[in-house]
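This briefing addresses a loop residue, the nonpolar cores and one pocket. Please consult the sequence and the structure alongside the points below.

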Amino acid sequence: MAGIYIHIPFCKQACHYCDFHFSTSLKKKDELVSALVKELQLRKDEFINIEVQTIYFGGGTPSLLTNDELVFLINTVYENYKVNENPEITLEANPDDLSKTRILELSKSPVNRLSIGIQSFFESDLKLMNRAHNAEEAKECLSVATQYFDNISIDLIYGIQGASNAQWLQNIEIALRYNVPHISSYALTVEPKTALAAFVKKGVIDDVNDEQAHEQFHLLKDKLEASGFVHYELSNFGKEGYFSKNNSAYWQGKPYIGIGPSAHSFNGKQRGWNVRNNTKYINEIAKNILPIEIETLTTTDRYNEYIMTGLRTIWGVSLDKVEKDFGKTYKDYLKEQAETFINQHLLYIDNKHIRVTKKGQFLSDGIASELFKLNLT
């Protein structure tokens with residue numbers, strides 16, 4: 001089982017919090033799409049005997065591509081890779097791109113899952129984040145999309161400056177009215193070199209309040225679990241049968257190929273990342289050169305990654321898998337390091353799996369880093 005991620009590095013405008021690679025100029029879109037097709041062809045031998053179960057268009061804003069461009073890329077995958085008979089094909093989309101006409105077009109394409117960047121149903125939040133859509137567009141696109149797509153995920157952001165807990169609960173309640181089966185939700189973070197970081201530094205807006213973000217995380221968790229969602233990963237909630245296959249494969253260490261500028265790849269032992277520059281990417285691909293840097297992971301690197309991703313999920317970290325894949329020394333180290341957090345009721349062991357408690361969930365990344373192994377090969 002494997003996945004293909006295709007990065008579309010274009011956006012209408014820059015969101016104030018975003019540090020992903022993108023361009024607000026579409027001048028090179030045609031060249032870029034051609035380069036994506038060629039990279040897919042150049043890398044087909046990486047998955048000779050591996051079945052592709054998921055195709056994921058991320059970005060950037062993939063919904064800026066036409067249906068013909070999307071179908072061209074999907075057909076290229078089918079022509080060069082062994083694809084599952086029922087793959088999950090996800091398109092990230094912004095509400096302002098999802099007119100009724102576009103949604104109808106997409107429903108007739110191979111795309112069978114939409115991931116819609118709602119972020120908030122409140123105008124004040126959307127303006128602070130410099131989103132391209134407004135609150136009415138967010139609601140309208142969901143009203144239509146849910147008529148044509150069964151498998152829909154929406155993104156929501158909590159911990160936004162000036163947004164009260166009551167307003168956050170309203171955001172969740174509005175989302176639930178549309179009966180979407182999957183919600184991804186993230187705390188607003190101030191990433192370096194973003195507009196948001198500059199505004200905070202200048203005192204134009206307050207820094208993110210971690211305590212409020214913590215409160216809103218638990219409000220989200222309680223509300224969604226009461227509504228039949230499974231909190232299967234730190235930032236993801238899904239109804240049974242609607243967990244993201246693409247993201248679940250990533251958290252469980254399955255291989256994936258990242259296509260496009262800045263896209264990352266993983267084959268179980270090596271991690272690679274493409275150049276973060278559209279022009280360089282296009283020029284290199286034109287010469288049949290893969291513009292990718294590759295890092296071979298040590299046993300310790302792979303162990304640390306498993307701890308980080310495993311603790312974020314309901315599946316947790318398997319002690320048997322740690323011993324099988326990394327050795328008894330690592331298992332013993334993990335159990336020893338975990339003891340402190342077990343005593344603090346942040347971790348627990350169940351059926352030979354280490355998992356985070358409800359109390360520890362919001363802190364899972366920090367806990368994982370304390371369990372990392374250093375200087376061992």
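Threonine 357 is found in the loop between β15 (353–356) and α14 (364–371), where helices (H or I, at least four residues) and strands (E, at least two) are DSSP runs numbered from the N terminus. The model is predicted: local features need pLDDT of at least 70, side-chain atom pairs count only at pLDDT 80 or more, and totals for chains, interfaces and linings use all residues. Residues are numbered from 1 along each chain as its sequence is written, and side-chain values use heavy atoms, with hydrogens and water left out.

**Threonine 357**
- Threonine 357 has a relative accessible area of 16% and is therefore buried (under 20%; exposed is over 50%, partly exposed in between; 1.4 Å probe, protein chains only).
- Not counting residues up to four places away in sequence, threonine 357 touches His345, Leu346, Leu347 and Tyr348 (contact: heavy atoms within 4.5 Å).

**Nonpolar cores**
- The largest nonpolar core (buried Ala, Val, Leu, Ile, Met, Phe, Trp, Tyr and Cys residues joined through side-chain atoms within 4.5 Å) has 64 residues, of which Phe57, Ile116 and Ile154 touch the most other members.
- Helix α1 (residues 29–42) gives the most to this core, with 6 residues.
- Apart from this core lies another of 20 residues, including Val322, Tyr333, Leu334 and Ile354.
- Beyond its neighbours within four places in sequence, isoleucine 116 contacts residues including Ala93, Leu98, Cys141 and Ile154.
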